[in-house]
Structure formats: structure tokens, C-alpha cells
Amino acid sequence: MSKGGLNYRLVIFFLAIVFGVGFSAPTFLQTEKGAKISLGLDLQGGLYMLLGVKTDEAIKSKMKSIASSIKFFTDDNDIIIDDLKIREEMVTLTLVDPDEEKTLDEMLKKIPGLVLDKNTLQYKVSLNELEQEATKQYAINQAVETIRNRLDQFGLAEPNVARQGEDKILVELPGIKTGEDEQRARELIAKAAHLQMMTVDEKRSDRAYDMSDDEASQYGDIILEDARSPQMKHVLKEVPILDGSMLTDAKVGFDQMNQPVINFSLNSEGAKIFGDFTGKNVGTHLAIVLDNKVYSAPVIRERIGGGSGQISGGFSMEEASDVAIALRSGALLAPVKLLEKRSVGPSLGADSIQASMVALALGFILVIIFMVVYYGLAGVVANIALIANLFIVLAIMALFGATLTLPGMAGIVLTVGMAVDANVIINERIRELFRQGSSIQKAVEKGYDNAMSAILDANITTLLAAVVLYAYGTGPIKGFAVTMSIGILASMLTAILGTHGIYQYFMPRIEKSKNLSLWFGIKGEGK
Amino acid sequence: MQIFSKDKTYDFMGKSLPFMIISVFMILASYFLLGTKGLNYGIDFSGGTIVQVKYEGPAPIEKMRDQISVDKIFANASITEFGSPDEVVIRFMSSTDSVQEDLSDKITNLLQGTGTFEVRRVDIVGPKVGGELKEQGIMAMLISVFTILIYITIRFEWKFAVASILALIHDISIAMGAIVLFNVDVNLDILAALLTLLGYSLNDTIIVFDRIREEVKNSKKFDLFDIINFSISKTLTRTLLTSLTTFFVVLTLWAFGGEIIHGFGLTLLVGILVGTYSSIFVASPMLKFLKFNVEDYKKKESLKEKRKIDKEKMRAQYEQGVV
């Protein structure tokens with residue numbers, strides 16, 4: 001007769017159950033405190049986007065700001081230059097007075113990463129390769145930061161913005177509930193928020209409608225649309241006076257007509273440039289340009305000090321607020337493009353949860369009934385392990401802050417099917433030993449021994465497949481691999497150790513009853 | 001309850017020829033389907049746009065088609081029912097890279113006036129991402145096969161490893177044939193299903209192989225056919241039971257899990273059937289085909305055992321301070 005009663009296996013199993021139930025409780029009860037499993041976007045609804053960054057544009061815009069610096073410097077030092085133009089990834093200019101060559105060269109040398117190609121007094125300025133790469137990298141990092149800032153201020157729950165791989169940006173917005181919200185969020189993300197102060201080319205302002213873009217470019221001009229009426233066009237000097245990088249704040253305000261406007265302020269450097277420029281150009285037009293649209297082009301009446309300005313353009317309140325957010329969080333150095341988008345409405349998510357829950361419950365019940373019918377009380381023991389397994393999987397997922405996705409649900413359902421495998425193997429081994437005439441005690445002990453190598457090898461191979469799946473999978477597939485792996489590991493604890501402990505505990509009773517049909521679902525009397 | 005109440009050894013090896021023929025036929029048929037009709041790549045791999053729309057009442061598919069085809073980009077769009085008559089999926093191969101306005105927005109605008117509807121899901125995958133996902137998928141397959149090959153070689157022997165990989169290729173090929181046959185859109189979830197199958201198929205095979213290894217080591221039998229027949233018979237109940245429980249849950253997943261995981265469920269259903277079949281009728285005969293030698297393996301195993309015992313003896317002596 002064996003001793004029975006408490007044993008180390010049962011104690012560990014019991015602790016595992018306490019752990020499983022304890023840490024999965026916050027998820028089930030949806031308590032305020034405690035780690036919970038969060039639902040993936042496919043189950044709760046939301047927007048997932050993978051964005052790319054048009055890094056070439058970052059280089060162009062860097063060249064533009066270099067051109068602005070050159071313009072400011074030459075104006076400030078009364079150096080006369082001609083033909084200051086931006087050509088793709090290059091700035092060209094011609095110096096008029098050779099005596100000033102040295103001053104200009106020194107100024108250009110101060111800008112890091114420049115390649116200077118000089119043909120007498122004709123300058124070609126571009127970036128070296130190192131600087132180009134650095135600019136691209138900076139543009140990606142800056143885009144991640146900027147988009148994160150914007151979404152944080154937008155007021156959605158738990159936005160997630162992260163850099164992915166070399167040059168991609170992952171954006172996850174679980175809080176999106178309606179199509180309108182999504183549209184607003186997308187516009188906010190993609191808004192360049194590129195503010196520029198530009199001069200109107202007074203000489204050619206009447207040619208706005210009969211000049212081609214190429215021709216305008218010959219004169220160092222650019223033709224831009226008006227924000228309020230797109231058919232209206234303005235001829236502006238291509239090189240801006242200053243841009244939004246010198247902006248310190250932007251807020252929604254109201255003008256005299258009680259229309260929403262955006263009030264912005266510039267930093268001291270911007271304020272100086274702005275003040276100097278307006279002081280020197282009283283009587284000309286100044287254009288306020290946002291994302292290549294002209295919002296207003298008022299006449300400069302006097303020097304504007306203090307470094308503040310206003311964008312008015314018939315905004316709605318929402319638009320004004322979004323533009324202000326975008327301006328505050330800074331311009332995107334390079335535009336972003338959509339590589340992948342997955343958007344799930346909340347109602348579909350709810351349907352998916354319901355459907356997979358039904359599948360999980362039904363499959364679970366089928367397996368449980370089957371095990372009892374086939375194995376008797378041994379089936380009940382296996383079922384206890386199965387239920388414990390489910391709790392432990394959920395507890396571990398909650399502790400790791402894992403996200404439950406639809407494929408993850410499928411992973412759990414599959415785990416249920418496969419978790420009983422270990423117990424089937426063990427029970428078959430035990431039955432085999434009974435047929436060979438082993439005593440109950442010996443059949444159970446040897447059954448576990450014999451089954452062990454098969455269970456280990458089988459589980460380890462499946463685990464290997466799951467790990468590779470995790471390493472090479474993306475998004476939802478990872479979720480599936482995670483739940484599978486946790487399920488396999490937990491089943492080793494519950495199905496092998498736990499059930500063994502239960503048998504040991506009841507061994508004296510099993511030996512006393514000798515009822516193999518009740519305990520193991522097999523005919524005959526045990527010894 | 002018991003399926004096989006008597007300890008009987010069935011002659012699987014003696015009757016393996018017809019099953020081999022069936023397997024070869026099924027594999028050839030699968031490759032024929034893969035070669036002619038080909039896999040129907042969904043947008044995850046080929047790139048494109050999917051818009052899932054739910055109407056109040058039955059979806060006016062004809063009317064939708066008329067209104068959408070106004071825009072030439074959507075000329076090749078397919079509109080199909082999705083799970084219920086109220087719900088449809090619009091699919092097309094193109095995608096745009098604008099964040100503010102994508103093709104799904106255009107579709108929504110074009111659909112105005114067809115009834116009250118709700119856009120429930122939009123998936124857009126750019127061509128570059130699709131290509132990368134495909135590459136990653138193939139890599140995942142190859143790497144897991146390779147890793148498992150190494151593991152089985154270490155735990156068993158290379159012939160076991162090769163036999164189980166051949167059985168695996170058998171299973172995956174036929175499952176892919178079924179994917180083509182049933183017109184399943186191959187997306188990321190199907191890849192996950194195939195990878196699960198990979199684990200499952202190996203799992204089943206290994207249980208049988210483990211028994212063969214045990215028999216080779218412990219019994220006095222030298223005939224490979226006897227050993228294989230005995231091992232398959234002994235593990236038969238387990239093979240059938242586990243397949244059955246897994247089959248149950250996959251069946252409920254397929255039947256009740258919702259339209260989105262329908263293809264996933266179907267792939268697994270076929271896979272489990274084929275995987276169970278192959279672990280009985282394909283994997284083990286492969287050992288014969290690979291000329292697995294019982295005597296050599298016995299010698300190798302006993303050598304291994306001896307080395308282990310020697311080592312333990314040495315350690316025991318060392319711990320007692322004899323050496």
C-alpha cells in the first residue's frame with residue numbers, strides 16, 4: 001500500500017493554480033488595479049498603420065533652410081548675390097562682388113556637412129553623403145517624435161508610436177471609434193505643418209496665372225495656391241524668409257470677426273529675422289504659407305517686432321485646434337507615406353470576440369466531455385489540468401502585458417486541443433501496463449516514466465516551431481506564437497506534474513477501490 | 001471506454017504500398033493544383049486593399065458594383081458576400097500611399113446612396129510590405145524546418161529527422177493543395193496555420209518515432225517491420241484520440257469562429273487529417289525507405305548508454321574522493 005496524501009507535485013500544482021487564478025482574476029473581473037490582458041486592435045477595434053518616411057524630401061527641405069540661412073546672412077551683411085535657387089538637392093547662387101568671396105566662404109564653412117563646388121563666382125552647395133544619411137535618420141526619428149507628440153495632444157486613449165525596423169513607423173490607435181475620428185487622426189499624423197514666411201515677388205505678381213512652374217523657377221519663384229480659394233494663385237520668392245523651426249508656440253484664438261485663428265510666437269532668432277525683414281520691406285506683401293498653401297498675404301505697414309503672428313484662413317474650430325497641435329509639435333521634416341493600414345470598427349471587434357469565445361467554449365466542453373467518457377476519473381484529472389492550464393496561460397499573458405489578438409485566441413483554442421495530448425499519452429501508457437498485469441501503483445509510476453520522453457520531444461519540437469514563428473512573424477502572428485508557447489510550457493507543468501500529484505494523493509483510495517473502470521475507464525480489477 | 005481493447009499488432013508495413021500510392025497521388029495532385037491554378041495570395045502578400053462593409057439589410061452587390069466601377073482604379077475590384085448577406089468584402093489589388101486619403105475613403109464616397117452601411121474593416125498593404133511579409137514567411141518555414149531537423153538528429157538519428165521532414169513536406173503540400181482547391185485567400189493567418197501544422201505534424205510523427213526508438217533499444221526484435229508495426233499499433237489510440245480532440249476544437253473554430261478565421265480553420269482541419277494519416281502511413285515506412293538499420297542503432301544506443309554509465313561511475317568515484 002502506498003502512502004498517498006500531500007506530495008511536492010501536488011503542492012507545486014496547487015501553487016500554480018493559485019498563481020493562475022490570482023493573476024488572471026484582474027482580466028476576468030476587469031478590476032481597476034492589477035495587470036490585465038489588453039485586447040488587440042482586431043478585437044477591440046482601432047487603427048494600425050505602418051508608415052514610411054520620404055527621406056529624400058528631408059534633404060530637399062534641409063537644402064531649403066540652408067538657402068534661407070544664406071539669404072539672411074547675405075542680406076544682413078549687404079553681400080549682393082544673384083540667382084539664389086534651389087535645385088533638387090542643391091543650392092546654386094552667383095556672387096556679384098568678388099571681394100566678398102572670403103566672407104561668404106567662411107559663413108558656408110560654418111555649416112557642417114556641406115560640399116562646395118565653386119566655378120569662379122558661381123556656387124553649387126550640396127550635402128556630403130554622411131550628412132545626407134544623418135539628415136535621413138534625423139528625419140525618421142523626428143517623425144516618430146512629432147507624430148507621438150501630436151497624437152498625445154489629440155486626446156486619444158493609449159496611442160502607440162514606435163520606430164520599426166530601419167525606416168518604418170508603427171502607429172497604433174486603439175481609441176478610434178468612428179470613421180470621423182480616424183480621418184482626423186490620419187490628417188493630424190500626415191500634416192506636414194510646414195509654416196513659412198515668404199515674400200511676394202512684386203515684379204511678377206500679375207503673372208500668377210500665365211506662368212508655368214518651370215518658368216517661375218527660372219526666376220527663383222514659386223507659384224502657390226491660396227488656402228481659401230484654390231483657383232487664386234500667388235507668385236512668391238522660392239527661398240523663404242523663415243520657417244516653422246523657429247516657432248515656439250501656437251494657440252487657437254479668435255479674430256475681430258470671432259473666427260478661429262492660430263496665434264503663433266517665434267523664438268528670439270526668428271523674432272530678429274522677422275523684425276529685420278519687415279523693417280526693411282515696408283510696403284511689400286508678406287505671405288504666410290502653411291503646407292504650401294497661402295493663408296494670407298498682407299502688406300507690411302511697419303516693422304513687426306516681438307516675433308508673433310497670426311494665421312487666419314477660415315478654419316473651423318476643430319481644424320484650427322488640429323493645426324495648432326501640429327504646429328506646436330513641430331513640422332514633419334519629411335512627409336510620411338502609408339505602407340500598411342488595418343482599421344477595424346469596434347462592432348466587428350466585438351463580433352470577433354463573441355465568435356471566438358463561442359468556439360473556445362464549445363471546443364473546450366467537447367474535449368472535457370470526451371475525456372471523461374473515455375477515461376473516467378482519469379479524464380477528470382486531465383480536465384483539471386486543462387482548466388488550470390488555461391488560467392495559467394491567461395495569468396502569464398496578463399503579467400507580461402501581452403495583447404490578445406484574434407490569432408492569439410485561435411492559439412488558445414488550439415492549446416486546449418493539444419494540452420490534453422500529454423494526458424492521453426500518459427493514460428494510454430498506464431492502460432498498457434494494466435493489460436500487462438502491473439499493479440495500480442506501478443502502472444501509474446511507470447506510465448509517467450514511459451510517457452516522458454515522447455511528451456518532451458513532441459513539445460520541444462512544437463515549441464521550436466512557435467519560437468521561430470515569433471521571431472519571424474509580424475504583429476498578429478506574434479500573438480499566436482506567444483499564446484501557443486505559453487500554453488505548451490504551462491501544459492508541461494499541469495498535465496505532467498499536476499496530474500501525477502493528484503494520482504499520488506489519491507493512490508491509497510484507488511488501490512482500495514481497485515475499480516479500474518471508474519478510475520481509468522478500462523475493464524477489469526486492479527491490484 | 002476503449003477503441004482497441006486488445007493488445008493487437010496491426011500489419012501496417014505489409015499494407016503500406018497502397019497508402020504510398022495514395023500519398024504520392026495526393027501530393028502530385030496538390031502540386032498540379034499549385035502549378036496550374038496557383039495559390040490565391042491575399043493582400044497581406046500581394047499588396048492591395050480590402051474594405052469590409054456591413055449593410056442594414058442585404059447588401060446591394062450589383063448596385064455597389066455599378067457605383068464603384070465609375071472610378072477606373074476599381075474596375076477589377078471584386079465584391080463578395082462575407083459570412084452573411086448583409087456583409088460584403090470589396091477587394092482590389094491596388095493601394096495608395098497617402099495617409100490622409102486612401103482608396104478605402106474613395107470607395108466609401110462612391111458607395112454613398114447604396115443604402116445605410118458601416119465600414120467595419122479596412123486593410124491596406126503596400127506592395128513593398130507584401131513582398132517583405134512573403135519573404136519573412138518563407139524564411140520562417142525554412143528556419144523552423146531546419147531547427148527541428150537538427151533537434152531530431154540530436155535526439156534520434158538523422159534518418160528519423162529526414163523521415164519526419166519528408167512526412168512534413170507531405171502534409172504541408174497536401175494542405176496547400178487544399179488551400180488552392182477551396183480557394184482560400186492566403187494571408188498571414190494561413191501562414192500561421194501552416195506553421196502550426198508543421199509543429200503538429202512533427203509532434204504526431206515524433207510520438208511514433210519515440211516508440212520505435214524505445215522498441216529498438218529495449219526489445220529483442222531485429223526486424224524493422226515488426227518494430228514499426230508494434231510501435232504504430234501501440235501509439236494508435238493516442239494518435240487517434242489527440243487528433244480527435246484537436247479536430248474537435250478546430251472544427252468549432254472553423255464552424256463558429258467567424259468568417260475572418262474561416263480559412264485558418266479550414267487549413268488546420270485538412271492538416272490534422274493529413275497529419276494523422278501521415279504519422280501512421282507515411283513517416284514510418286520512410287524509415288525503411290531510408291534503409292534504417294536496427295542493429296546499428298542498437299549498437300549506437302548501447303554505446304551511448306555505456307558511456308553514460310561510465311560517466312556516472314566516474315562522477316560517483318570522484319565525489320567519494322577515490323580518483
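Which residues in H12(A) meet which residues in H13(A)? The close-ups below start there and then move to the contact of chain B with chain A.

This is a predicted model, in which local features need pLDDT of at least 70 and side-chain atom pairs count only at pLDDT 80 or more, while totals for chains, interfaces and linings use all residues. Residues are numbered from 1 along each chain as its sequence is written, chains are lettered from A in the order in which they are written, and side-chain values use heavy atoms, with hydrogens and water left out.

**View 1. Helix H12 meets helix H13 in chain A.** From H12(A), the residues in contact (heavy atoms within 4.5 Å) are A:Met418, A:Ala422, A:Ile425, A:Ile426, A:Arg429, A:Ile430, A:Leu433 and A:Phe434. Their partners in H13(A) include A:Ile440, A:Val444, A:Tyr448, A:Ile455 and A:Thr462. By class, this contact has 13 nonpolar, three polar and two charged residues (Ala, Val, Leu, Ile, Met, Phe, Trp, Tyr, Cys and Pro count as nonpolar, Asp, Glu, Lys and Arg as charged, and the others, Gly among them, as polar).

**View 2. The interface of chain B and chain A.** Here 75 residues of chain B touch 73 residues of chain A. Together the chains bury about 6,400 Å², with 63% of it on carbon and sulfur atoms (buried area is the accessible area, taken with a 1.4 Å probe, that two parts lose on being put together, summed over both). On the chain B side, look for B:Met1, B:Val99 and B:Arg120, which lose the most area to chain A, together 12% of what that side buries.

**View 3. Salt bridges between chain B and chain A.** The interface holds 10 salt bridges (a side-chain nitrogen of Lys or Arg within 4 Å of a carboxyl oxygen of Asp or Glu). One of them joins B:Arg213 to A:Asp457, at 3.0 Å from N to O.

Notes:
Helix = DSSP H or I, 4+ residues; strand = E, 2+ residues; numbered from the N terminus.
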